[in-house]
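Here are a few exercises to work through with the model open beside you. Try each task before reading its solution.

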Amino acid sequence: ESPRADELMDRLLISGRRPRESHIDHLKHCVANLRRLLESGSRVTCVALDSIAAACGDYAGEAAVRAPLISQIAQDLKQLAAVHSFPVLVANHVVSVIEPEADHTHRVYGVRPALGLAWSSLPNTHVLMLRDGVGVRRLHVTASAHLPIGSVVYEVRTDGVFGASE
């Protein structure tokens, strides 16, 4: 029997930013709260963070300031995850790589992480999530030390998530 919605909500910890608190300070506060929960014996099965790019938006254009902050947060999350055996899923939005063409048009050549190289070397596995159509999604492992490079296609419907054909 699957858990009821209220039972699932009892298992979630959702944190909202306080007024006048910077995004990065809120993220540090969340990591500190996670550490306290774990030290008190609480069991954590997964941590999801959406989005690291939004948290670092206060430092847009200031890579020298932003890079050490996100590196420290990544290090703290990796350490907690390793000690307490849970995965950390961090959403990092991507931006299109657009290059000008000779005929004065532009062409999209791919995507890069919104936080650039400062973040791209920190995760253990890179997964790109794409929308192929209405309800159809593709997860593509683009880099991993322990997973094969490849894709899986799935469909999100009102009755659940199901594998889909390509």
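**Exercise 1. A buried acid**

Take Asp-76 in this predicted model and find which helix holds Asp-76. Then work out which residues Asp-76 touches and how far away the nearest side chain of opposite charge is.

*Solution.* Start with the location: Asp-76 sits in helix α4, which spans residues 63-84. Next, look at its surroundings. Leaving aside residues up to four places away in sequence, Asp-76 is in contact with Val-31 and Arg-35. Now check the charges. Asp-76 is buried, and the nearest side chain of opposite charge is that of Arg-35, 4.3 Å away. A salt bridge requires a side-chain nitrogen of Lys or Arg within 4 Å of a carboxyl oxygen, and Asp-76 has no salt bridge.

**Exercise 2. One side of a helix**

List the buried residues of helix α2 and decide how they are placed around the axis.

*Solution.* Begin with the helix itself: α2 covers residues 23-39, 17 residues in total. From first C-alpha to last, α2 reaches 24 Å, close to the 24 Å expected at 1.5 Å a residue. Its buried residues are Ile-24, His-26, Leu-27, Val-31, Leu-34 and Leu-38. These cover an arc of only 160° around the axis, so they lie on the same side of α2. One of them, Val-31, is also a contact of Asp-76. Finally, step past the end of the helix: α2 is followed by Gly-41, with a positive phi near 100°.

**Exercise 3. Two hairpins**

Trace strands β6, β7 and β8: in which sense does β7 pair with β6, and in which sense with β8?

*Solution.* Take β6 and β7 to begin with. Strand β6 (residues 136-144) pairs with strand β7 (residues 150-157) in the antiparallel sense, over six bridges. Within this pairing, Arg-138 stands opposite Val-153 in β7. Five residues lie between β6 and β7, and the two strands form a hairpin. Then move on to β8 (residues 160-163), which pairs with β7 in the antiparallel sense over four bridges. Here Arg-157 is opposite Gly-160 of β8. The hairpin from β7 to β8 runs through two residues.

**Exercise 4. The whole chain**

How many helices and strands does the protein chain have, and in what order do they run?

*Solution.* Count the elements: there are five helices and eight strands. Reading from the N terminus gives α-α-β-α-α-β-β-β-α-β-β-β-β. Then consider burial: 22% of the 166 residues count as buried. Last, look at contacts between residues at least 6 apart in sequence: 37% of them join residues at least 24 apart.

Notes. Residues are numbered from 1 along each chain as its sequence is written. This is a predicted model: local features need pLDDT of at least 70, side-chain atom pairs count only at pLDDT 80 or more; totals for chains, interfaces and linings use all residues. Side-chain values use heavy atoms; hydrogens and water are left out. Buried means under 20% relative accessible area, exposed over 50%, partly exposed in between (1.4 Å probe, protein chains only). Lys and Arg count as positive and Asp and Glu as negative; His and the chain ends are not counted. Contact means heavy atoms within 4.5 Å. Two strands pair if DSSP finds at least two bridges between them. The expected span of a helix is 1.5 Å times one less than its number of residues. The arc is that of the directions from the helix axis to the C-beta atoms.
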